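Let's take a friendly walk through how strands and helices can be arranged. Keep the picture open as you read.

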There are 2 protein chains.
Amino acid sequence: MTTTSPQGRTELLRPDGSPVRVLVVDDEQSITELLSMALRYEGWQIRSAGDGHGAVRAARDFRPDAVVLDMMLPDMDGLSVLGRLRRDLPDVPVLFLTAKDAVEDRIAGLTAGGDDYVTKPFSLEEVVARLRGLIRRSGAADRRSDSVLVVGDLTLDEDSHEVTRGGDGIHLTATEFELLRFLMRNPRRVLSKAQILDRVWSYDFGGQANVVELYISYLRRKIDAGREPMIHTRRGAGYLIKPAA
Amino acid sequence: MTTTSPQGRTELLRPDGSPVRVLVVDDEQSITELLSMALRYEGWQIRSAGDGHGAVRAARDFRPDAVVLDMMLPDMDGLSVLGRLRRDLPDVPVLFLTAKDAVEDRIAGLTAGGDDYVTKPFSLEEVVARLRGLIRRSGAADRRSDSVLVVGDLTLDEDSHEVTRGGDGIHLTATEFELLRFLMRNPRRVLSKAQILDRVWSYDFGGQANVVELYISYLRRKIDAGREPMIHTRRGAGYLIKPAA
DNA sequence: CGGGTTTCTCAGAGAAATCACAGCTTGGGG
DNA sequence: CCCCAAGCTGTGATTTCTCTGAGAAACCCG
């Protein structure tokens, strides 16, 4: 089931109307905190664990609808944790966190059941998007919720990564896509550059703050080019997107 | 009966509309887990067993529509298990798992009854495809469900392994065929290289991830050659197939 | 056993995306 | 009406990703 909150955000809910539950497992506390905060903001209920045993215990009594699992835990190897989780929660989708370089070596089979993974360092927007996808597809949330965001005559499909304005297809790069997704997820709301940076860029990004301006500029060229603009600047505050009308 | 889920995947269902039930029997837990995960993702209901006696017991009260049976079990020889299964479930099709070298001849006789087999290490795409075939042919699912995938002017027949584009026959190798099947089963959806690798290559594949790029390249030569391309790259995300239109 | 086929590795070429930097434009307070 | 801070965008260096040719090894079939 989906419902729209007072702020205009669309939330995933379970069929019985209760909030989706997500278990976050990582040994770095800064990461679990970062994730918990971001995921709570989605309206989800979060529990976190710092090691494999904690994860198994939490799975048992928290009974999450999805799990975010770091593959590098101090006490147990990621696959063992996965195995034990599966015993208690056979149908729960898992989002794996892996180091960038470790990717190739044994992700094999992990995404087979519809699971997914992201590499560290990740962007929150990416984690949230993938989790939403997993939950949506697992059926823990209402299956009718679909993967297309719409604002005015602008659409963005999270599955096919297709973007259209007034019916015309628009090609976006990965970063442009994530930025637009974030804007469209928060229509008519001013988002500060800091928020955007925190959400769309990976947490260890150390560059110039004006990448945001730069990418807003790219997006405008592709989306607003010669049309009624949808992306607006609020000088000193940030940016927002809203229907052209 | 077939039905189409929100993600656009086509599911097999039993005539009464309930999900298909599959029993998975293997002594290696990692294998039963891998298979269970993949088969659940197909929308099927799964039960697993780790030995012959467990299998017989499970067959009796789970009453599966199909069985995946490893021929090498610790407690009983595969043939005895098969015999006992047949006593309770005379018409249920069985997909045998055998070691690569484990003689074809004995298996060959077994598959005469409409059963089938795959050799370890297998690719999930192959197991799923064969199981679908068995279930479809056994009549447990609606017989009208057919075996041809169509995307635009591209067709792929899972029974005859025939592929055509705009009416012209196209010869594909085994790997190319499985890759294309996977793409066509998920039209308009971006599939990451990891997903493709997990699904199309066998679970013990340890090679370079760029085999995926390589085979995409092969497929393009055969399918898109000099025509409107149907296979698209989403840089940094993966590949997808969609009608040329 | 031998030839054709298939699978896969490796490596280089090329294309695309990301980002820093710097100069230019704009808005609005004084 | 002027000026400054905030925002915008062109240029180009660098990094990252993708494609594909060449060839080695495994495989299949007769």
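What follows looks at a sheet, a helix lying across it, and a pair of packed helices. Keep in mind that this is a predicted model.

## The sheet

Start with the strands of chain A. Four of them make an open sheet, in the order S8-S9-S10-S11, with antiparallel pairing. At the edges you will find strand S8 (148-151) and strand S11 (168-170) of chain A, each of which pairs on one side only. From one strand to the next, the twist averages 20°.

Now zoom in on one pairing. Strand S9 (residues 154-157) and strand S10 (residues 163-165) of chain A run antiparallel and are joined by three bridges. Which residue stands opposite Leu156(A) in S10(A)? That partner is Val163(A).

## A helix across the strands

Helix H5 (residues 174-185) of chain A lies across S8, S9 and S10 of chain A. Relative to S9(A), helix H5 of chain A runs at about 115°.

## Two packed helices

Two packed helices are described by the angle between their axes and the distance between the axes. For helix H1 (residues 29-41) and helix H4 (residues 124-138) of chain A, the angle is about 60° and the axes are 10 Å apart. H1(A) and H4(A) are therefore oblique to each other, and H1(A) passes H4(A) in a right-handed crossing.

Which residues meet here? From H1(A) come Leu34(A), Leu35(A), Ala38(A) and Leu39(A), which meet Leu124(A), Val127(A), Val128(A) and Leu131(A) of H4(A). The residues of this contact of H1(A) with H4(A) comprise eight nonpolar, no polar and no charged.

Note on methods:
Residues are numbered from 1 along each chain as its sequence is written. Chains are lettered from A and ligands numbered from 1 in the order in which they are written. This is a predicted model: local features need pLDDT of at least 70, side-chain atom pairs count only at pLDDT 80 or more; totals for chains, interfaces and linings use all residues. Side-chain values use heavy atoms; hydrogens and water are left out. Two strands pair if DSSP finds at least two bridges between them. Helices (H or I, at least four residues) and strands (E, at least two) are DSSP runs, numbered from the N terminus. Axes are lines fitted to C-alpha atoms, for helices over the stretch in contact, and angles run from 0 to 180 degrees between N-to-C directions. Contact means heavy atoms within 4.5 Å. Angles under 35 degrees count as roughly parallel, over 145 as roughly antiparallel, 65 to 115 as roughly perpendicular and the rest as oblique. A crossing is left-handed if the near helix is turned anticlockwise from the far one by less than a right angle, and right-handed if clockwise. Ala, Val, Leu, Ile, Met, Phe, Trp, Tyr, Cys and Pro count as nonpolar, Asp, Glu, Lys and Arg as charged, and the others, Gly among them, as polar.
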